[in-house]
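Please open the structure in a viewer and keep the selection panel at hand. The tour below proceeds one selection at a time.

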Amino acid sequence: MSRRRDTPRVTATSPAAPGPAPEADLTVDGTGLLCVALLLRLRAAIAEAQAGTVVHVITTDPAAPLDLPAWCHMTGHHYLGPVLDDEDSSVYALRLASDARATRADAPWRTARRSGDTGP
């Protein structure tokens with residue numbers, strides 16, 4: 001004889017749709033750039049920006065919805081999500097963190113090994 005469970009089944013759900021993204025303090029145009037070049041441009045553009053700066057990244061790279069959140073997770077910046085997604089390009093938002101980990105100038109997908117390490 002099977003016994004009926006009274007506890008509800010828990011299923012994974014997608015998060016609620018976020019509210020409107022904050023206005024950009026800085027916009028990085030990565031149109032036509034793929035992952036590596038996009039991250040190089042992003043890193044250079046935010047090099048002098050202050051913590052709390054909201055950055056909008058314009059991109060046509062189909063991998064950007066995966067690459068940008070992963071890069072934010074690695075560096076400690078805050079990925080805010082998509083702002084615009086249409087068939088020509090997409091815009092994603094992130095907020096710069098005060099305690100972000102530095103990345104290498106030649107390889108922004110790698111964190112710097114030690115303070116001031118920006119090269120190979």
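The following stops move from the whole chain to individual residues.

**The whole protein**

Begin with everything displayed, bearing in mind that this is a predicted model. Colour by secondary structure: the protein has two helices and four strands. Following the sequence from its start, the elements come in the order β-α-β-α-β-β. Next, switch on a surface. Its accessible area is about 8200 Å², and carbon and sulfur atoms account for 53% of that. Of the 120 residues, 30% count as buried. If contacts are drawn between residues at least 6 apart in sequence, 61% of them join residues at least 24 apart.

**The hairpin of β3 and β4**

Select residues 78–85, which make up strand β3, and then 90–95, which make up β4. How do these two strands run relative to each other, parallel or antiparallel? They are antiparallel, and six bridges join them. A hairpin of four residues leads from β3 to β4. For one of the pairings, pick L84, whose bridge partner in β4 is V91.

Now select S89, in the loop between β3 and β4. Is S89 buried or exposed? Its relative accessible area is 19%, so it counts as buried, the cut-off being under 20%. Leaving aside residues up to four places away in sequence, S89 touches I58, T59, T60 and L84. L84 therefore appears twice at this stop, as the bridge partner of V91 and as a contact of S89, which is itself buried.

**Helix α2 and D67**

Move to residues 64–75, which form helix α2, and select D67 within this helix. D67 is partly exposed, with a relative accessibility of 22%. Beyond residues up to four places away in sequence, D67 touches C35 and D61. Add V36 to the selection: D67 and V36 are 31 residues apart in sequence, and their C-alpha atoms are 9.7 Å apart.

**The cysteines C35 and C72**

Select C35, the residue touched by D67, together with C72. C35 is partly exposed at 29% relative accessibility, whereas C72 is buried at 1%. A disulfide is a covalent bond between the sulfur atoms of two cysteines. How many disulfides does the structure hold? The number is zero.

**A nonpolar patch on the surface**

With the surface still shown, select V36, L40 and W109. These residues form a nonpolar patch, and together they have about 240 Å² of accessible area. V36 is the residue already paired with D67 in the distance given above. W109 belongs to the segment after β4. The relative accessibility of W109 is 35%, so this residue counts as partly exposed.

**The salt bridge**

Side chains of opposite charge can pair when their charged atoms come close. How many salt bridges does a search of the whole structure find? The search finds one. To see the pair, select R104 and D106, whose closest N and O atoms are 3.0 Å apart. What is the burial of each partner? R104 is buried, with a relative accessible area of 9%, while D106 is partly exposed, with 35%.

**T103 and R110**

For the last stop, select T103, which lies in the segment after β4. T103 has a relative accessible area of 5% and is therefore buried. Show its surroundings: with residues up to four places away in sequence set aside, T103 touches R43, W71, M74, T75, P108, R110, T111 and A112.

From that list, choose R110, which is also placed in the segment after β4. R110 is partly exposed, with a relative accessible area of 47%. Which residues does R110 touch, not counting residues up to four places away in sequence? They are M74, A102, T103 and R104. Finally, draw a C-alpha to C-alpha distance from R110 to M74: the two residues are 8.3 Å apart in space and 36 residues apart in sequence. M74 thus links the two views of this stop, because both T103, a buried residue, and R110, a partly exposed one, touch it. R104, the partner of D106 in the salt bridge, is also among the contacts of R110.

Key:
Residues are numbered from 1 along each chain as its sequence is written. This is a predicted model: local features need pLDDT of at least 70, side-chain atom pairs count only at pLDDT 80 or more; totals for chains, interfaces and linings use all residues. Side-chain values use heavy atoms; hydrogens and water are left out. Buried means under 20% relative accessible area, exposed over 50%, partly exposed in between (1.4 Å probe, protein chains only). Contact means heavy atoms within 4.5 Å. Two strands pair if DSSP finds at least two bridges between them. Patches are made of residues with over 30% relative accessible area and no salt bridge: like charges are joined within 9 Å, nonpolar side chains (Val, Leu, Ile, Met, Phe, Trp, Tyr) within 5 Å. Accessible areas come from the Shrake-Rupley method with a 1.4 Å probe; for residues, only the protein chains shown count as cover. A salt bridge is a side-chain nitrogen of Lys or Arg within 4 Å of a carboxyl oxygen of Asp or Glu. A disulfide is a pair of cysteine sulfur atoms within 2.5 Å.
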